[in-house]
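Visitor: I am new to this structure and would like to learn how to read it, one feature at a time. Could you take me through it slowly?

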Amino acid sequence: MAAILKNRRIRDSVLQVAFVATILLTIVVAAITARANLDAQGLTSGFGFLERSTGWRISFSLIEYSTSSPYWKAILVGILNSLFLGAIALPLATVIGVTVGVMRTSGNGMAELVGVTYVETFRNVPLILQLLFWYTLLLALPTPRDATLILGGIAFTGRGIYIPGLNVTGGSAFVATVVVIAGAALALWLKARRWPDLNLVHARRERRVLWGGVVGLAVVAMWIGRIPETSLMSIPEQRGLNFREGIRISPELMACIIAISIYGGAYIAEIIRAGFNAVPKGQSEAGRALGLTNWQIFSRIRLPLAVRIVMPTLINQYVWLFKATTIGIAISFTDFFMVISTAINQSGQTLELIGILMGGFLIINYSIAWVLNRVNDAIKLRGTQLRI
Amino acid sequence: MSFAADFPKDSAFNKAKARYFATPTDAVVSALFAAFAVWILWSLANWALLHAVFGANQRDACMATEGACWSVVSTRWRIVLFGLYPFEEQWRSAIACVVMVVVAALSCVPWFWSARRLPPLWIAGFAIFYVLMRGGWFGLREVTEQNWGGLSLTIFIFAAVSLLGMPLAIVFALLRRSDLPWIARTMALVIDVIRSLPLLSIMFTFAIVMPFVLPDWAIGDKLYRVIVGYALFFACYQAEIIRGGMQALPAGQEEAAKALGLTYWHRIGYIVLPQAFRNALPPTINQFVITFKETSLVTIIGFFDVMASGRAASGNADWNFATIEMYVFVALIFFVFVFTLSRYGAYLERRLGVGRR
């Protein structure tokens with residue numbers, strides 16, 4: 001027996017098998033205990049409940065949903081809401097982050113001071129506190145009756161923010177968005193694979209055809225999806241106690257957007273700043289020696305290099321920010337997490353729903369990371385383009 | 001004529017000129033940002049200082065003014081700091097918090113940075129904290145966890161998560177870079193999966209779902225389940241940080257240790273981990289900063305931490321118009337802790353950067 005234990009290969013194998021078996025066993029025992037406990041409560045396990053109708057309302061939904069809709073549809077609404085929030089808040093955070101990051105590396109003392117104050121204020125306070133803060137502020141806006149329209153079509157009220165919109169069906173807006181995203185993906189792919197081998201004139205022509213096609217298709221999709229017998233633009237107007245027409249952004253959604261983009265912006269600003277600082281001085285000095293203007297040096301040399309340097313860090317940051325959207329539950333924004341937790345309360349199908357929640361987040365986060373890694377592969381510097 | 005006279009003087013005026021007014025564009029940008037900053041500062045000062053009401057129990061004065069109502073803070077600050085802790089015993093909660101803050105401050109002193117000093121310091125500090133808060137010994141009245149709240153609960157969760165998560169992180173990191181492929185792969189999968197889930201969903205799972213999954217004797221209090229879940233999450237992130245620190249070590253270090261005939265535990269304990277921690281110090285501090293901030297998520301699971309108490313303090317009919325002031329106060333509490341820690345992290349990063357060759 002002792003001799004067997006001294007044999008390294010056997011010992012290694014036993015260790016590995018024991019480790020993996022312990023983890024698997026924990027999971028199996030947990031599942032069996034759970035099944036027994038849930039059976040004792042008279043709950044049937046399995047995913048059959050997804051077809052049952054929910055019976056509860058969801059305040060904000062991108063697709064049609066009513067109290068008689070099944071559970072799977074409620075979960076879909078939640079996922080779409082989370083993605084929708086992420087699709088608005090993450091780009092906004094990027095815009096804020098890049099602006100502040102540039103301010104902090106501009107060399108202008110006043111801009112740096114404002115930038116550093118912003119970053120330190122919003123990075124050092126928990127996100128959920130900021131969310132509640134903005135939400136309270138938004139709810140304290142005047143009631144629709146007392147609010148006034150500004151700039152011909154925007155109104156800030158305690159019941160939401162009204163902005164002008166297009167009178168098109170949700171489906172066609174969705175198609176148009178997909179077309180634009182697909183066009184951008186295609187452009188990135190061509191940029192990595194095809195255009196470098198083409199001569200400049202051909203590459204430019206292909207780029208123009210591609211973007212022209214994308215914009216054209218998007219416009220056509222919106223045009224077909226027009227809601228009949230309405231004007232093209234829908235502009236909010238005051239009627240009685242409320243506003244009609246236009247698009248209402250609920251205070252919950254707005255607070256989530258503001259909080260996540262401001263909080264995320266502070267983090268992204270720091271990443272961008274680190275990126276600018278990592279661009280070797282020689283690069284901008286070389287640009288100056290070639291007689292480029294300050295703007296050219298910034299837009300053609302420093303910014304592209306900085307973005308490429310920070311891309312891997314940024315990808316992690318985006319995944320992290322997307323996970324942060326779950327705090328919407330603190331102000332009852334019906335995102336993925338909130339729908340799941342309501343569904344658990346209502347149906348009692350705890351394990352299945354938690355499984356869906358975890359699976360959903362794994363898929364979404366891995367997809368974000370995968371897509372952004374492809375972007376990174378497409379734009380990253382090759383060989384000796386950057387010597388630090 | 002001296003050589004130095006050929007260079008422009010490095011006077012304060014010239015420095016300011018270079019930083020704020022180097023070019024006409026710079027001057028305009030500076031002026032714009034200065035105007036913006038002055039406007040914000042002026043509105044803030046107007047609201048927070050000039051028109052504000054400070055003294056306790058001045059609800060009527062608050063209703064009359066345009067400015068901030070700090071009266072809500074001076075009236076109800078005890079709820080924010082101590083939650084539902086019995087009024088006569090709140091001095092215990094205060095001392096316990098001070099002890100934990102002192103422990104955290106002492107851990108920033110390089111003298112304590114060794115495996116012989118840091119863990120005993122934290123365990124002793126945590127034990128004092130727990131005995132003071134819980135009572136039942138030394139003639140102290142017993143106060144159960146259900147009555148803990150406010151800042152002391154936040155600090156308790158943070159300290160417990162750190163104390164539990166750190167050893168776990170070291171174990172995870174070692175398993176993750178084990179030479180045995182199946183152990184390394186399984187651990188990598190576990191770490192990746194947990195890291196891609198939101199902290200909130202993990203806390204939620206441990207608080208709500210675990211009672212179904214665990215055998216009865218292992219269920220424990222909801223607070224401790226959430227702490228375990230959070231510690232697990234913390235450990236997965238911290239394990240990757242430690243692994244990064246290990247990867248930055250030159251391979252020669254471990255090879256030299258092997259050549260000297262050191263055992264695995266000696267290699268890890270004396271060669272790898274100390275240097276890995278040194279490399280990973282700035283991201284580790286950053287991780288603690290994030291961990292402290294995110295303890296506020298327990299509010300959603302239904303705990304009465306400093307954030308929830310802040311909401312409760314301004315949540316009654318008398319003070320519900322002063323919610324913003326309460327949030328600002330809680331934000332200030334977080335800011336003091338988090339800002340100090342992150343500044344310390346930045347200082348360490350500079351200091352370690354100087355020493356690196």
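Guide: Let us begin where the chains meet: the contact takes 44 residues from chain B and 43 residues from chain A, two residues being in contact if their C-beta atoms, placed from the backbone, lie within 7 Å. This is a predicted model, in which local features need pLDDT of at least 70 and side-chain atom pairs count only at pLDDT 80 or more, whereas totals for chains, interfaces and linings use all residues. Residues are numbered from 1 along each chain as its sequence is written, and chains are lettered from A and ligands numbered from 1 in the order in which they are written.

Visitor: Which helix gives the most to the side of chain B that touches chain A?

Guide: Helices (H or I, at least four residues) and strands (E, at least two) are DSSP runs, numbered from the N terminus. Several helices of chain B each supply at least two residues to the side that touches chain A, among them H2 (24-50), H8 (181-195) and H16 (323-355), and H16(B) gives the most, with 10 residues.

Visitor: How do the residues on that side of chain B divide into nonpolar, polar and charged?

Guide: Ala, Val, Leu, Ile, Met, Phe, Trp, Tyr, Cys and Pro count as nonpolar, Asp, Glu, Lys and Arg as charged, and the others, Gly among them, as polar. On the side of chain B that touches chain A, 31 residues are nonpolar, nine are polar and four are charged.

Visitor: How many helices and strands does chain B have?

Guide: Chain B has 16 helices and zero strands, and its C-alpha atoms fill a box of roughly 80 × 75 × 40 Å, taken along the principal axes. Chain B is divided into domain 1 (3-50) and domain 2 (71-355), with bounds that come from an automatic or database domain assignment, and the C-alpha centres of these two domains lie 41 Å apart.

Visitor: What covers residues 151-340 of chain B in the UniProt annotation?

Guide: The unreviewed UniProt entry annotates that span as "domain: ABC transmembrane type-1"; positions are given in the numbering used here, feature names are shortened, and annotations may be inferred rather than shown by experiment. In the model, residues 151-340 of chain B are 79% helix and 0% strand, and their end C-alpha atoms lie 17 Å apart.

Visitor: Is B:Ala127 buried or exposed?

Guide: A residue is buried if 20 or more other C-beta atoms, placed from the backbone, lie within 10 Å of its own, exposed if 12 or fewer, and partly exposed in between. B:Ala127, which lies in helix H6 (residues 118-134) of chain B, counts as exposed because it has 11 C-beta neighbours inside 10 Å. By contrast, helix H4 (residues 71-82) of chain B is mostly covered, with nine of its 12 residues buried, including B:Val72, B:Arg76 and B:Phe82. H4(B) is followed by B:Gly83, whose phi is positive, near 65°.

Visitor: In what order do the three strands of the open sheet in chain A lie?

Guide: Strands of a sheet pair through backbone hydrogen bonds, either parallel or antiparallel. Here the order is S1-S2-S7 (chain A), with antiparallel pairing, where two strands pair if DSSP finds at least two bridges between them. The edge strands, S1 (155-157) and S7 (247-249) of chain A, each pair on one side only. Strand S2 (residues 160-163) of chain A and S7(A) pair over three bridges, and A:Tyr162 stands opposite A:Arg248 in S7(A).
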